Amino acid sequence: MSIKLHCFGESGHSYKAALALELAGLDWEPVYVDFFKGGSRTDEYRALNLMGESPVLIEGDIRLSQSGAIQQYITDKTGKFGGAPSDRYEVLRWILWDNHKLSSQAGVVRFMTNFLPKEKRNADVIAFLSGRMVAALQTLDTHLEGREWIVGDGLTNADLTCCGYLYYPEEYGFDRAAYPNIDAWLTRLSKQPGWKAPYDLMPRAFPSA
Ligand SMILES: N[C@@H](CCC(=O)N[C@@H](CS)C(=O)NCC(=O)O)C(=O)O
């Protein structure tokens, strides 16, 4: 039975789960969430995920939201991306950091500067969140100095979470050239067999963007 991932292409949080499924070589299919038309705010969607967020993974009786939990599920199922046993908490530490500091800010800044109607954009809020995003990117760039991967010597869920918003083509204040260690790491990750960009993995709302 194929795993179903409720997701949409513009969602970097969904991308983290979709990329993990794809790189793990699992049989999965995306189920499109019409997020920009309120698709995650319906009673039906809230019954699927009370948190009202994408992604949601369904496999048989298993129903999971939160990309970090989904990534751990994939690790438990396949033995991939967990890192060395001694690095388990280090991987978890980066997943929690990413969800709080990097993808959270990057996701909202990108949403506000690309997808929110122009009349609803608040320049002060965008400036504040952009500052936090830049601080997080600098943290990651510093950490990656002299390292190939975020934790240990191979690809782990730490990498698969932190890259969530960093391959998108839309302009939102993340310039790869300004972060040489992140740039090299993203290139390295994109050379992994089976790697795909977000819009090649999941259906998107704005195909022409
Ligand atoms: N920490 C969650 C974040 C998920 C999330 O915020 N997803 C966005 C789409 S990219 C969402 O569904 N937001 C709905 C909302 O905030 O109401 C995860 O990693 O899965």
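1. Overall size. In this predicted model, the protein chain has a radius of gyration of 17 Å. A compact globule of 209 residues would come out near 17 Å, so the two agree. Along the principal axes, the C-alpha trace of the protein chain spans about 45 × 45 × 30 Å.

2. Burial and contacts. Of the 209 residues in the protein chain, 35% count as buried. Contacts in the protein chain reach far along the sequence. Take those between residues at least 6 apart: 71% of them join residues at least 24 apart.

3. Secondary structure. The protein chain holds 8 helices and 4 strands. Their order along the sequence is β-α-β-α-β-β-α-α-α-α-α-α. The pattern opens with a strand and ends on a run of helices.

4. Domains. The protein chain is divided in two. Domain 1 covers 3–81 + 195–201, and domain 2 covers 85–190. Domain 1 is thus written as two stretches of sequence. The centres of the two domains, taken over C-alpha atoms, are 19 Å apart.

5. The contact between domains. Here 16 residues of domain 1 are in contact with 17 residues of domain 2. On the domain 1 side, α1 and α3 each supply at least two residues. Helix α1 gives the most, with 6 residues. By class, that side of domain 1 has 8 nonpolar, 6 polar and 2 charged residues.

6. The core. The largest nonpolar core has 45 residues. Within this core, A18 and A20 have the most contacts. Many elements take part. Those supplying at least two residues each are β1 (3–7), α1 (12–23), β3 (56–59), α3 (67–78), α4 (88–115), α5 (123–143), α6 (157–162) and α7 (180–190). The largest share, 7 residues, comes from α1. Why does this core lie between domain 1 and domain 2? Both domains give residues to the core, so it lies between them.

7. A closer look at A18. Which residues does A18 contact, leaving aside neighbours within four places in sequence? They are L5, C7, P30, L201 and M202. L5 and C7 fall within β1 (3–7), and A18 itself within α1 (12–23). P30 falls within strand β2 (residues 28–32). L201 is the end residue of the second stretch of domain 1.

8. The ligand. The shell around the ligand is made of S11, H13, S40, G52, E53, S54, P55, Q66, S67, G68, N99 and G107. Helices α3 and α4 each supply at least two residues of this shell. S67 and G68 fall within α3 (67–78), while N99 and G107 fall within α4 (88–115). By class, the shell divides into 1 nonpolar, 10 polar and 1 charged. P55 and E53 are both on the list of shell residues.

9. Y32. This residue is in strand β2 (residues 28–32). Is Y32 buried or partly exposed? Y32 has 15 C-beta neighbours inside 10 Å, so it counts as partly exposed; burial would take 20 or more. Not counting residues up to four places away in sequence, Y32 touches F8 and P203. R204 is also worth checking from here. Y32 and R204 are 172 residues apart in sequence, yet 8.0 Å apart in space, C-alpha to C-alpha.

10. To recap. Two domains make up the division of the protein chain, and the largest nonpolar core lies between them. Helix α1 gives the largest share of that core. Helix α1 also gives the most to the side of domain 1 that touches domain 2.

Definitions and conventions
Residues numbered from 1 in each chain as written. Predicted model: local features only at pLDDT ≥ 70, side-chain atom pairs only at ≥ 80, totals over all residues. Rg over C-alpha atoms; globule rule 2.2 N^0.38 Å. Buried ≥ 20, exposed ≤ 12 C-beta atoms within 10 Å, placed from the backbone. Contact = placed C-beta atoms within 7 Å. Core = buried A, V, L, I, M, F, W, Y, C linked by C-beta atoms within 7 Å. Domains from an automatic or database assignment. Nonpolar A, V, L, I, M, F, W, Y, C, P; charged D, E, K, R; others polar. Near = placed C-beta within 6 Å.
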